[in-house]
Each structure stands twice: as structure tokens, then as C-alpha cells.
Amino acid sequence: YNTFRSENNMKIQLPKLSKKINVNNKINLAFQEVHHEETTLMSALFEKDLLEYGDYHHLEIRDCEFKHTYFDHLHLPHGYLLDVQFEGCDLSNAKFDHTLFRRVVFKDCKLSGADFSEVMLDQVLFEDCIMTYANFSSAKIKGLQFENCDLTYASMMECDLKKADFNNCNLTKSEFLHSSLYQKDISNCNIEGIMLSFDDLKGAIVSTQQAVALSSLLGIKIKD
């Protein structure tokens, strides 16, 4: 598999994608058919399309690409995505709770308010994405990279972050309660107003400027 390597040496396996014929303007029919027949959406390319609102729980998607596609409040809980790439898509307010993601890339996507609570993230890359208010609470992480993402007000509560990496991300007012940042390098991220406890922060790698901003969590006052 091709891999993405972050500045912190995190390696993420990229999707294994086949060559496909574009199936423009058929995304609604394709989703409805596989959901009704309880089969798998496989080896399809959708571009500049619009998926209307629908409940697609337990849907399985393999070897698919979505480019510049709008998803109207996508509801895909308890699903399975394997070798899938989203590029330039709008997935705002999508619900993916309890879904398994394996070798999935979101590039230049809008994911504001998206629900990733209690998902499994195995070799997943978010790159240049807007993810304000996204919810990753209690997600199980086996390989996760955030690259140049806006995670303002996002929630990463109760996550094991050992196999997660944040590079050049906006973590303003994001929540990391009960999610240890031990040995996580967040020195090039904006962490203004980040919500976490002293125990969550213990062992994190931060810049001098960030350390000053975080001093209140340490119970100390810095005097010039």
C-alpha cells in the first residue's frame, strides 16, 4: 500500500483504489439499490453529484471515490468503509456513529458537525478539512492523521490517541477530556482555549508560547 507520512513520522496506509468509470448523477440510485438489496457499493466513482437525505445504516462501501459531491445530512451509522476517498466533498452534519473506517481519506472536505462518535478509525487521513464541531467521542483509533485541519470546537473526549497525530491543526476550544496527549506533538497547532485536564496534558509536546498559555492548568502564574 502507498502510505502518507506525517512530519511526526506517523504512517497512514492510503486506500487501494482501482481505475473506474465515472457514474455521474447516479449516486442516489446506487445508494438506494445497495441499501435495499443489502449488498456492497463497490468500485464506483461519483463526481459533482448530490446525495439526497436518506438512512443508510449498515451500508458497506469498498473501493469508491467521491469527488466534489454534496451529501445532504448523510446518515450512515454502523457502516463499513474500506478503501474509500472523499475529495472536495461536503459532508457537513453527516452521522457515521459506530461505523468502521479502514484506509479512508478525506481531502479538502467540509465535515462541520459530523458525528464520528464510537467509530473505528484504522488508517484514516483527514487533510485540509473543515471539521468545526465534529464529534469523535469514544472513537477507537488504530491509525489516524489530521493534517492542516480546522477542528475548532471539535470533541475528542475519551479517546486513546496513541495512534493519532495532529499536524498544523486548529484545535481552538476543542475538547480532549479523558484523552491523554502523552508524547503527542501539538507544538504547531493552535490550542487556544483547548479543554482538557492536567492529566490529559501530561507528557504532551508543546511550544514555549503554548506552555505559557497552558500555565493555568498547571496551577502556576508566570511573572515577567
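**Exercise 1. Two sides of a helix**

Which residues on the other side of α1 are exposed? Work out, too, where the buried residues of α1 fall and what covers them.

*Solution.* A quick note before we start: this is a predicted model.

Step 1. Begin with the exposed residues: on the other side of α1 you'll find His36 and Glu37.

Step 2. Now list the buried ones. In α1 these are Ile27, Asn28, Ala30, Phe31 and Val34.

Step 3. Look down the helix axis. The buried residues of α1 fall within an arc of 165°, so they line one face of the helix.

Step 4. Ask what sits over that face. The cover for the buried residues of α1 includes strands β3 (40–42), β4 (45–47), β5 (50–51), β6 and β7 (70–71).

Step 5. Take one step past the helix end. Just after α1, Glu38 has a positive phi of about 55°.

**Exercise 2. Follow the charges**

Find the salt bridges of Lys20 and say which residues they join into one network. Then look at the pair Asp83 and Arg103.

*Solution.* Step 1. Get the overall count: the whole structure has eight salt bridges.

Step 2. Check Lys20 against Asp63. Their closest N and O atoms are 3.1 Å apart, and the two form a salt bridge. Lys20 sits in the loop between β2 (11–13) and α1 (27–37), while Asp63 is in strand β6 (residues 60–67), so this pair ties together parts 43 residues apart in sequence.

Step 3. Are these two buried or exposed? The cut-off for buried is under 20% relative accessible area. Lys20 comes out at 18%, so it counts as buried. Asp63 has 11%, so it is buried as well.

Step 4. Try Glu65 next. Its side chain meets that of Lys20 in a salt bridge, at 2.9 Å from N to O. Since Glu65 lies in strand β6 and Lys20 in the loop between β2 and α1, this pair ties together parts 45 residues apart in sequence. Both Glu65 and Lys20 are buried.

Step 5. Move on to Asp83 and Arg103. They form a salt bridge too, with the closest N and O atoms 2.7 Å apart. Asp83 is in strand β8 (residues 80–87) and Arg103 in strand β9 (residues 100–107), so the pair ties together parts 20 residues apart in sequence. Both of these residues are buried.

Step 6. Put the shared partners together: Lys20, Asp63 and Glu65 are joined into one network by their salt bridges.

**Exercise 3. Sort the rings**

Decide how each of these pairs is arranged: Phe106 with Phe126, and Phe166 with Phe176.

*Solution.* Step 1. Know what to look for. A pair of aromatic rings is described by the distance of the centres and the angle of the planes. Here, the total comes to 21 aromatic pairs.

Step 2. For Phe106 and Phe126, the ring centres are 4.8 Å apart and the planes are at 10°, so the pair is stacked. The pair links distant parts of the chain, with Phe106 in strand β9 and Phe126 in strand β10 (residues 120–127), 20 residues apart. Phe106 and Phe126 are both buried.

Step 3. For Phe166 and Phe176, the centres are 5.6 Å apart and the planes are at 70°, so this pair is edge-to-face. Phe166 lies in strand β12 and Phe176 in the loop between β12 and α2 (198–201), so the pair ties together parts 10 residues apart in sequence. Both Phe166 and Phe176 are buried.

**Exercise 4. Cysteines without partners**

How many disulfides does the structure hold? Explain the result for Cys64 and Cys129.

*Solution.* Step 1. The count is zero disulfides.

Step 2. Recall the bond itself: a disulfide is a covalent bond between the sulfur atoms of two cysteines. The cut-off you need is 2.5 Å between the sulfur atoms.

Step 3. Test Cys64. Its closest cysteine sulfur belongs to Cys89 and is 12 Å away, too far for a bond. Cys64 is buried, with 0% relative accessibility.

Step 4. Test Cys129. The closest cysteine sulfur, in Cys149, is 4.7 Å away, which is also too far for a bond. Cys129 is buried at 2% relative accessible area.

Methods: Residues numbered from 1 in each chain as written. Predicted model: local features only at pLDDT ≥ 70, side-chain atom pairs only at ≥ 80, totals over all residues. Heavy atoms only, no water. Salt bridge = Lys/Arg side-chain N within 4 Å of Asp/Glu carboxyl O. Helix = DSSP H or I, 4+ residues; strand = E, 2+ residues; numbered from the N terminus. Buried < 20%, exposed > 50% of the residue type's maximum accessible area, 1.4 Å probe, protein only. Phe/Tyr/Trp six-rings, centres within 6.5 Å; stacked < 30°, edge-to-face > 60°. Arc of directions from axis to C-beta. Contact = heavy atoms within 4.5 Å.
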